[in-house]
Amino acid sequence: LRPYHAVLASRARSQRAYRTSFALDLGGSALVGLVELAEVWVLFSNVTALGGMRFNQILLVFGLADLSFSLADLSFGHLDTLPDFLRAGTLDVFYLHPQPILLQLITSDISLRRLARAGVGAAALGLGLATAGVPWGPRAAVLLVLGLVSGYATFAGLFVWAAGLQFFLVNGAEMTNAFVYGGRYAATQPASVWSRPLKFVFGFFFPMAFTAYLPAVTILGLPGPDWLPAWLGWCAPAAAAWSWLMGLLCWRWGLRHYQGGGG
């Protein structure tokens, strides 16, 4: 792991070298997170409850989803640049190194500015835990850790999944981003308001409901909607395993399909 640590450390040092630029990047990232949190507040300022959840309860959902996604985006989000490598033919350079190509890409960059957005998610999660009436105990603590770790793994697997599909799509990053970043937005909403087709797509195929909503419902002791009973909150690790299974299958399939840059 020493080579990967050296690369990531150098990337982090280079971003911190220009302090004013780094501070502006952090501020911009935090502002994006605050605007998205404000959208939820504006929505709930017009209703007392939505999908059976009050604002302080949806803060728990938003915090879990936003924190998990921000950490996954920090460490896996730069896989979005794979189409640039494919178009330029520079992915072939990664074949010259003895390390796995996916691991090289994951450790090729790190965007520290995303820590600010993770801070917004952590703050929302803290407010939700303090005000939503969580029945504290070992069960709630285990569910909280399980939800955070599984949510991070699910979003990370989704980034790998989207990257693997880029080997087959022409300028298809926007299409896959609709599910990756759109899935993140869906994860911050109560899944009880989704239609049945959305419950299938973002509940099971792209398991966004398992990243935040279902763990939050299980922690709070609320009844789940049709197709998404509350006990599924304990199945968040299975959703993360599914996300990584599909991600690695798509990645392996894509690498076998890739024929080189032709240079």
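Start by selecting Arg-184: with a relative accessible area of 3%, this residue is buried. You are looking at a predicted model, so take each stop on this tour in that spirit.

**Stop 1: the charged network**

Keep Arg-184 on screen and add Glu-36. Their side chains meet in a salt bridge, with 2.9 Å from N to O. Colour the two helices to see what is being joined: Glu-36 lies in helix H2 (residues 19–44) and Arg-184 in helix H8 (residues 173–187), so the pair ties together parts that are 148 residues apart in sequence. Is Glu-36 buried or exposed? Its relative accessible area is 19%, and because the cut-off for buried is under 20%, Glu-36 counts as buried.

Now add Asp-66. Arg-184 forms a salt bridge with this residue too, and the closest N and O atoms are 2.7 Å apart. This pair links distant parts of the chain, with Arg-184 in helix H8 and Asp-66 in helix H3, 118 residues apart. Both Arg-184 and Asp-66 are buried, and for Asp-66 the relative accessible area is 0%.

One more residue to select here: Arg-117. Asp-66 and Arg-117 form a salt bridge in which the closest N and O atoms are 3.8 Å apart. Arg-117 lies in helix H6 (residues 114–131) and Asp-66 in helix H3 (residues 55–76), so here the parts tied together are 51 residues apart in sequence. Arg-117 counts as buried, at 13% relative accessibility.

Show the four side chains together. Which residues do salt bridges with shared partners join into one network? They are Glu-36, Asp-66, Arg-117 and Arg-184. For the whole structure, the number of salt bridges is six.

**Stop 2: Thr-211 and helix H10**

Next, select Thr-211, in the loop between helix H9 (196–205) and helix H10 (213–220). This threonine is buried, at 0% relative accessibility. Its side chain reaches the backbone oxygen of Met-208 at 2.6 Å. Expand the selection to see what surrounds it: apart from neighbours within four places in sequence, Thr-211 is in contact with Leu-64, Gly-147, Gly-151, Thr-154, Phe-155 and Ala-187.

From there, step along into H10. How many of its eight residues are buried? The count is eight of eight, so to speak a helix that is mostly covered. Tyr-213, Pro-215 and Ile-219 are among the buried residues. Turn on H3 and helix H7 (138–165) as well, for these are what the buried residues of H10 pack against. H10 is followed by Gly-221, which has a positive phi, near 75°.

**Stop 3: a nonpolar patch on the surface**

Switch to a surface view and select Phe-200, Phe-204, Phe-205, Trp-227, Trp-242, Leu-245 and Leu-249. These residues form a nonpolar patch on the surface, with about 680 Å² of accessible area together. H9 and helix H11 (236–257) each supply at least two residues of this patch.

Zoom in on Trp-227, which is found in the loop between H10 and H11. Its phi is near 75°, a positive value in a residue other than glycine. Trp-227 is partly exposed, with a relative accessible area of 42%.

**Stop 4: the aromatic rings**

Stay with the patch and pick out Phe-205 and Trp-242. The two form an edge-to-face aromatic pair, 6.3 Å centre to centre and with 65° between the planes. Phe-205 in helix H9 and Trp-242 in helix H11 are 37 residues apart, and the pair links distant parts of the chain. Phe-205 is partly exposed at 34% relative accessibility, and Trp-242 is partly exposed at 32%.

Widen the view to Trp-161, Phe-179, Trp-194, Phe-202 and Phe-206: ring pairs link these residues, together with Phe-205 and Trp-242, into a cluster.

For a last stop, select Phe-76 and Tyr-152. Their ring centres are 6.4 Å apart and their planes are at 65°, so this pair is edge-to-face. Phe-76 in helix H3 and Tyr-152 in helix H7 are 76 residues apart. Phe-76 is buried, with a relative accessible area of 8%, whereas Tyr-152 counts as partly exposed at 29%. The aromatic pairs in this model come to 20.

How values were computed: Residues are numbered from 1 along each chain as its sequence is written. This is a predicted model: local features need pLDDT of at least 70, side-chain atom pairs count only at pLDDT 80 or more; totals for chains, interfaces and linings use all residues. Side-chain values use heavy atoms; hydrogens and water are left out. Helices (H or I, at least four residues) and strands (E, at least two) are DSSP runs, numbered from the N terminus. Buried means under 20% relative accessible area, exposed over 50%, partly exposed in between (1.4 Å probe, protein chains only). A polar contact is a pair of N or O atoms within 3.5 Å; within protein, one must be able to donate a hydrogen and the other to accept it, and residues adjacent in sequence count only if both atoms are side-chain atoms. Contact means heavy atoms within 4.5 Å. Patches are made of residues with over 30% relative accessible area and no salt bridge: like charges are joined within 9 Å, nonpolar side chains (Val, Leu, Ile, Met, Phe, Trp, Tyr) within 5 Å. Accessible areas come from the Shrake-Rupley method with a 1.4 Å probe; for residues, only the protein chains shown count as cover. Rings of Phe, Tyr and Trp (its six-membered ring) pair if their centres lie within 6.5 Å; planes under 30 degrees apart count as stacked, over 60 as edge-to-face and the rest as tilted.
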